[in-house]
Amino acid sequence: MLSLEQTTAESIAAESCQTVLWDGDGGLCQRAWVEIDLAALTHNVKQLKNLLSPHTQLMAVVKADAYGHGAVAVSQTALSAGASWLGVATIPEGIELREAGIEAPILLLGATHTAQQVKAIAQWHLQPTICTAKQALIFSQVLVSLNQSLPVHAKLDTGMSRLGAPWQEATEFVQLVKGLPNLKLASVYSHLATADSLDTAVMKEQHDRFKWAIAQIKTSGINPSSWHLANSAAALADPDLHYDLVRVGLATYGLYPAPHLQNIVDLKPVMQVKARVTQVKTIEAGTGVSYGYQFIAQRQTKIAVVGVGYADGIPRNLSNKMQVLIRGKFVAQVGAVTMDQLMLDVTDIPDLEVGEVVTLLGKDGENQITADDWAATLGTISWEVLCGFKHRLPRVAVSSQ
Ligand SMILES: Cc1ncc(COP(=O)(O)O)c(C=O)c1O
């Protein structure tokens, strides 16, 4: 283990890992960082690919900086491991991938409307989602003026009540998109609202509506090359939902969308969050810790200060409720999590030194803390936990294998 003085993003990378993906710490990776296990990512993509029939393609959903993991490295790794599509939410997310030299097809899952957006999408060879007739007309007009054609993806709302044309109007909508100049209908798709639920009634209803739309569209003589419906949960839950493409986010990152969907494939968490002890001190019984004294020591207590806080994405609502791992042992966090620092009760860890590594999320020895653990405490979902880590934390690539 390197001393605190020796620690830079590069030295952490050299010590246990491979590459610095992104360093927001000005070259110094001393305080806290996020480790991205690209071997685990490769493993997850291969596991998911094995679940699919040979004709079904895998889209790695890499929006929101690949759920906080770093979009470029994740995309490159996922593509090498067997993904053939990438999904982003916004145009800048797509441009970032193109600027990194990625040539795979990129579906823009979010809505785009303006002429300026259409031009950027065309320039960067992104593939838009079309949800309304008005949007389709704008795309067609601008593309005609550019003398350029673009593959487009018609989205149906089968019950999510988010983006998409009403499923009842699927045929008219898809006919319109297909008929407009310079639009090449690449796929028709929809998104499921409750695929991670044990109760499959809503998912079945949405699937029935999608099947109905497919039949109607086919009857009208339109046969796009791809139909798709499944997110991670649906990809794990039922092969009937796979169609030509599955759009997988969470599972790529090694988390299960729901407890009942575990054990279908073996997934390994890709992200670990670590920080270092910056001071160790002993306080007497009755002494308060941190803002508001949410914790008062009941005994003489050894406290470790750790250089990570809510400005890094450690939710303040975990104050006094979270545990971390040091030397493979669970340690309680105490007092309010502050902007840049938090405190631990390390009374039971002998000879703890400044610079020792604290695992906030991840594995240390036999023990592990997952985004699901945090989500359960916070009353949220693991998706939000993963996306919550700020760019102030350097991302460092590690390899578990
Ligand atoms: C349209 C669409 N498809 C697929 C996904 C991937 O979802 P998940 O992370 O649950 O796999 C998302 C994510 O929200 C999405 O919006």
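**A walk through the chain**

Q262 is partly exposed, because 13 other C-beta atoms lie within 10 Å of its own (20 or more would make a residue buried, 12 or fewer exposed, and anything in between partly exposed, with C-beta atoms placed from the backbone). What you see above is a predicted model, in which local features need pLDDT of at least 70, side-chain atom pairs count only at pLDDT 80 or more, and totals for chains, interfaces and linings use all residues. Residues are numbered from 1 along each chain as its sequence is written.

Let us stay with Q262 for a moment. Q262 sits in the loop between β11 (245-248) and β12 (271-283). Try finding Y291 from there: Q262 and Y291 are 29 residues apart in sequence, and their C-alpha atoms are 39 Å apart in space.

Now for a second residue, H191. Is H191 buried or exposed? H191 is buried, since 22 other C-beta atoms lie within 10 Å. Like Q262, H191 belongs to a loop, here the one between β9 (183-190) and α9 (201-219). Its relation to L229 is worth a look: 38 residues separate H191 and L229 in sequence, while 5.4 Å separates them in space, C-alpha to C-alpha. Leaving aside residues up to four places away in sequence, H191 touches M160, R162 and N231 (a contact means C-beta atoms, placed from the backbone, within 7 Å).

With two residues located, step back to the whole chain. The chain has twelve helices and 21 strands (DSSP runs numbered from the N terminus, with H or I over at least four residues for helices and E over at least two for strands). Along its principal axes, the C-alpha trace spans about 80 × 45 × 40 Å. Of the 401 residues, 46% count as buried. Among contacts between residues at least 6 apart in sequence, 66% join residues at least 24 apart.

Next, the helices. Helix α2 (residues 38-51) and helix α4 (residues 71-81) cross at roughly 45°, and their axes come within 9 Å (axes are lines fitted to C-alpha atoms, for helices over the stretch in contact, and angles run from 0 to 180 degrees between N-to-C directions). α2 and α4 are therefore oblique to each other (under 35 degrees is roughly parallel, over 145 roughly antiparallel, 65 to 115 roughly perpendicular, and the rest oblique). On the α2 side, L38, L41, T42, V45 and K46 meet A73, V74, T77, A78 and A81 of α4. Sorted by class, this contact of α2 with α4 has seven nonpolar, two polar and one charged residues (Ala, Val, Leu, Ile, Met, Phe, Trp, Tyr, Cys and Pro are nonpolar, Asp, Glu, Lys and Arg charged, and the others, Gly among them, polar).

α4 also packs with helix α5 (residues 91-99), at an angle of about 65° and with axes 10 Å apart. Which residues meet between α4 and α5? A71, V72 and S75 in α4 meet E93, E96 and L97 in α5. The residues of this contact divide into three nonpolar, one polar and two charged.

A last pair to find is helix α6 (residues 115-123) and helix α7 (residues 133-146), whose axes are 9 Å apart and which pack at an angle of about 60°. That angle makes α6 oblique to α7. From α6 come A115, V118, K119 and A122, and these meet I138, F139, V142, L143 and L146 in α7. Eight nonpolar residues, no polar and one charged make up the contact of α6 with α7.

Notes:
Two residues are in contact if their C-beta atoms, placed from the backbone, lie within 7 Å.
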